[in-house]
Amino acid sequence: MSTAAMSVAPVLCKVEAAAELLSLGRSTIYELMAAGELPFVKVGRARRIRRSDIDAFAAQLQPQSV
């Protein structure tokens, strides 16, 4: 039987990870958080973004017609 470790997605993401997941820059993520468009939690001095909030943010974006 294989003892391969299962990959588990994090529940809370750092700003850098959220930026990578959304293909956006760090400063854009901070702007979205400041505007209240991307919810976050504070753990001590650190800001973390729930993976579910990242997914919800991406899902509510509307495609642009050209």
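## A friendly walk through the model

Colleague: Happy to look at this with you! Which residues of H2 are exposed on its other side?
Modeller: Keep in mind as we go that this is a predicted model. In H2, the buried residues are Ile-29, Leu-32 and Met-33. Seen down the axis of H2, they fall within an arc of 100°, so they line one face of the helix. On the other side of H2, the exposed residues are Glu-31 and Ala-34.

Colleague: Nice. What covers the buried residues of H2?
Modeller: The residues to be covered are Ile-29, Leu-32 and Met-33. Their cover includes H1, E3 and H3.

Colleague: And which residue with a positive phi follows H2?
Modeller: H2 spans residues 26-34. The residue that follows this helix has a phi near 80°, and it is Gly-36.

Colleague: Let's move on to H3. Within what arc do its buried residues fall?
Modeller: H3 covers residues 51-60, and its buried residues are Asp-53, Ile-54 and Phe-57. They line one face of the helix, because seen down the axis of H3 they fall within an arc of 105°.

Colleague: What covers the buried residues of H3?
Modeller: The residues in question are Asp-53, Ile-54 and Phe-57. Among the elements that cover them are E1, H1, H2 and strand E3 (46-50).

Colleague: Asp-53 caught my eye. Is Asp-53 buried or exposed?
Modeller: Asp-53 sits in helix H3. Leaving aside residues up to four places away in sequence, Asp-53 touches Leu-38 and Pro-39. Buried means under 20% relative accessible area. Asp-53 has 17%, so this residue counts as buried.

Colleague: Now Leu-22, please. Which residues does Leu-22 touch, not counting residues up to four places away in sequence?
Modeller: Leu-22 lies in helix H1, which runs over residues 15-22. With a relative accessible area of 16%, Leu-22 is buried. The residues that Leu-22 touches, beyond those up to four places away in sequence, are Ile-29, Leu-38, Ile-54, Phe-57 and Ala-58.

Colleague: How many Å separate the C-alpha atoms of Leu-22 and Val-8?
Modeller: These two residues are 14 residues apart along the chain. Their C-alpha atoms are separated by 19 Å.

Colleague: Is Leu-12 buried, exposed or partly exposed?
Modeller: Leu-12 belongs to strand E1, residues 12-13. Together with Val-11 and Val-43, Leu-12 makes a nonpolar surface patch of about 270 Å². The relative accessibility of Leu-12 is 38%, so this residue counts as partly exposed.

Colleague: Stepping back to the whole chain, what is its radius of gyration?
Modeller: The chain has three helices and three strands, and from the N terminus on they run β-α-α-β-β-α. For 66 residues the globule rule gives 11 Å, and the chain is well over that, so it is more spread out than a compact globule, with a radius of gyration of 14 Å.

Colleague: Along the principal axes, what box do the C-alpha atoms fill?
Modeller: Of the 66 residues, 21% count as buried. The box taken along the principal axes is roughly 50 × 40 × 15 Å.

Colleague: One more: how much of the accessible surface belongs to carbon and sulfur atoms?
Modeller: For the inside view, residues 24 or more positions apart account for 41% of the contacts with a separation of 6 or more. On the outside, the accessible surface of the chain comes to about 5300 Å², and the share that belongs to carbon and sulfur atoms is 54%.

Definitions and conventions: Residues are numbered from 1 along each chain as its sequence is written. This is a predicted model: local features need pLDDT of at least 70, side-chain atom pairs count only at pLDDT 80 or more; totals for chains, interfaces and linings use all residues. Side-chain values use heavy atoms; hydrogens and water are left out. Helices (H or I, at least four residues) and strands (E, at least two) are DSSP runs, numbered from the N terminus. Buried means under 20% relative accessible area, exposed over 50%, partly exposed in between (1.4 Å probe, protein chains only). Contact means heavy atoms within 4.5 Å. Patches are made of residues with over 30% relative accessible area and no salt bridge: like charges are joined within 9 Å, nonpolar side chains (Val, Leu, Ile, Met, Phe, Trp, Tyr) within 5 Å. Accessible areas come from the Shrake-Rupley method with a 1.4 Å probe; for residues, only the protein chains shown count as cover. A salt bridge is a side-chain nitrogen of Lys or Arg within 4 Å of a carboxyl oxygen of Asp or Glu. The radius of gyration is taken over C-alpha atoms; the globule rule is 2.2 Å times the number of residues to the power 0.38. The arc is that of the directions from the helix axis to the C-beta atoms.
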